[in-house]
Amino acid sequence: WLKCNSRSIPPLEGAGSCTRALPRPGGGGETPARRGQHQSSEAMGVAKWLAAVVGLVAATGEQFQSELATHQHTRMRSSMSVRLHRAKRRSGMSHRARSRHAAKSAHASEYYGRVAIGSPPQTFLVVFDTGSGNLLIPSKQCDDEACQSHQRYDSALSVTARQIAFANAPDTVVGPDGTRDVVTITFGTGEVSGVFVKDNICVGDICTNADFVAATDESDEPFSLVPFDGIMGLALPQMSEGKSFNIFNCMVRDGVLKQNLFSVFFGAEENEESEITFGEIKKDRMASALTYADVDVEGYWQVKMDDIAIANQRQSMCGDSCKVAVDTGTSLLAGPSTIISALITKLNVKSDCSNFNTLPQLGFILGEHILNLEASDYVDKGDDGCALGLMTLDIPPPKGPLFIFGDPFLRKFYTVYDAKGPNGKPRVGFALAKHTKPKAAAGGFLQQPAMIVSAASSGKVH
């Protein structure tokens, strides 16, 4: 994440904040002249008009906040599932950096769903991304092709919108001089610049009031190619511009979730439903019990990995431990180049696919359990042959080296992102995902081998 220095820019046309258009008390305009102890009737008229407008704005703002609080009270402790659309990613389409091989992968997909912003609501399609921390939506002020080809947020149409000046003062509206922060965010081959807005944000019936980035500039590549409008970052608050920019944190703050967690299910096939659920664990999506790992370093949903296993045998690749980020916005599995190179040698995936049916399970040891993938999960098999579907990604310290558990892992395992476990730490839960057969009768489920096993030498199924 790269943040530009604050700079003064002209106020946005049609900004949805009445307060911003008013002179600052005690400045920003001529003060009515005093004539002895009396003001002219014209000056008094202006003063009364200004006082009335300020009172109206304040009362209106209080009314909207009261309405939101009432809405939250009536919706207290609810849960909501959002259906996710799945689109195969075209080359160069992703909002994340990746290798040339990764962009061609048969595993590469985008999962995105609908959110609403403002009053009345404006709807957008967003990637629910546990690997980033902010909600980013193209704004009406963005004239780039990448913005114009998508839905754009118009603050002038929302009576609850407020233009925010600075990320470190998330309730301070832009003043008459237009001074405000401008943030620039890089996404691999592209970048986005934008300003800060506060408004009501709803995922289904679950609503909160939060800050987000309204894009004023977007590079054509890759954003003009993607089927979604924006990105909803669901990483922990340390990855956001501030706590009030973290939508999940704001939901927890406002007490609108039945449980302070969200869960993700990715369909195994294109015609199988995918969903993200806020406030609830969907047991009907699970084919095993949940096993949890505490978040090690807050920011990403990052957990410790003790080792990598092949055919349930430890490979001593991690030293003391490896670090893993569980990332719903990445299409592949990724890891440090030294370990990926070692796996390429050990697994020895034949380019002609001649050993595909005899390849072993590839497992990741988290705590007391091994989470296994089959060859169909970690090998890219296509008309041009087979290749190991793990990309190299060298993230420097202190955030790296780091493994990324992306879509192939998330299709195999149902994941739960819990804001606070029993010990007070955030944690991630893993269960084998229960997938329906693409052409099975209602209620039919795929029979799968044991994919979560004990890390103890007995190899007992969990």
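This passage describes the overall make-up of a predicted model, followed by a five-stranded sheet with its packed helix, the surroundings of strand E12 and the loop residue Met286.

The protein has 462 residues, of which 52% count as buried. Its secondary structure comprises eight helices and 31 strands. Among contacts with a separation of 6 or more, 69% are made by residues 24 or more positions apart. The protein exposes about 21000 Å², and carbon and sulfur atoms supply 51% of that area.

One open sheet consists of five strands in the order E20-E19-E23-E24-E31, and the pairing is antiparallel. Strand E20 (313-314) and strand E31 (452-454) form the edges, each of them pairing on one side only. Helix H6, residues 337-347, packs on this sheet and touches strand E19 (307-310) as well as strand E23 (362-366). The direction of H6 makes about 15° with that of E19. At the E31 side of the sheet, strand E24 (residues 369-373) is joined to E31 by three bridges, and the two strands run antiparallel. Within this pair, His369 stands opposite Ser454 of E31.

Strand E24 also contains Asn372. This residue is buried, its relative accessible area being 0%. Because buried is defined as under 20% relative accessible area, Asn372 at 0% falls in that class. Two polar contacts are made by its side chain. One, of 2.9 Å, is with the side chain of Asn312; the other, of 3.1 Å, is with the side chain of Gln361.

The helix that packs on the sheet, H6, has buried residues at Ile339, Ile340, Leu343 and Leu347. These four cover an arc of only 100° around the axis, and they therefore lie on the same side of H6. An α-helix has 3.6 residues a turn, so residues three or four places apart point the same way. Thr338 and Thr345, by contrast, are exposed on the other side of H6. Just after the helix, Asn348 takes a positive phi of about 55°.

A second region is centred on strand E12, which spans residues 190-203. Of its 14 residues, 13 are buried, so E12 is largely enclosed by the rest of the structure. Strand E12 pairs with several other strands. Strands of a sheet pair through backbone hydrogen bonds, either parallel or antiparallel. With strand E5 (residues 109-117), E12 shares two bridges in an antiparallel arrangement; here Ala116 has Cys202 of E12 as its bridge partner. Strand E8 (residues 162-166) is joined to E12 by three bridges and also runs antiparallel to it, with Val197 in E12 as the bridge partner of Gln163.

Two further partners of E12 form hairpins with it. Strand E11 (residues 183-187) pairs with E12 over five bridges in the antiparallel sense, and Thr184 is matched with Ser193 of E12. The hairpin of E11 and E12 has two residues between the strands, and Gly188 there takes a positive phi near 65°. Strand E13 (residues 206-218) is joined to E12 by 12 bridges, again with the strands antiparallel. In that pairing, Val195 has Ala214 of E13 as its bridge partner. The hairpin of E12 and E13 likewise has two residues between the strands, with Gly204 taking a positive phi near 60°.

Outside these elements, Met286 is placed in the loop between strand E16 (274-278) and strand E17 (291-298). Despite its loop position, Met286 is buried, with a relative accessible area of 12%. The cut-off for burial is under 20%, and Met286 meets it at 12%. Leaving aside neighbours within four places in sequence, Met286 is in contact with Ile281, Tyr414, Ala431, Leu432 and Lys434. Of these partners, Ala431 is 145 residues from Met286 in sequence, while the C-alpha atoms of the two residues are 6.0 Å apart in space.

How values were computed: Residues are numbered from 1 along each chain as its sequence is written. This is a predicted model: local features need pLDDT of at least 70, side-chain atom pairs count only at pLDDT 80 or more; totals for chains, interfaces and linings use all residues. Side-chain values use heavy atoms; hydrogens and water are left out. Two strands pair if DSSP finds at least two bridges between them. Contact means heavy atoms within 4.5 Å. Axes are lines fitted to C-alpha atoms, for helices over the stretch in contact, and angles run from 0 to 180 degrees between N-to-C directions. Buried means under 20% relative accessible area, exposed over 50%, partly exposed in between (1.4 Å probe, protein chains only). A polar contact is a pair of N or O atoms within 3.5 Å; within protein, one must be able to donate a hydrogen and the other to accept it, and residues adjacent in sequence count only if both atoms are side-chain atoms. The arc is that of the directions from the helix axis to the C-beta atoms. Accessible areas come from the Shrake-Rupley method with a 1.4 Å probe; for residues, only the protein chains shown count as cover.
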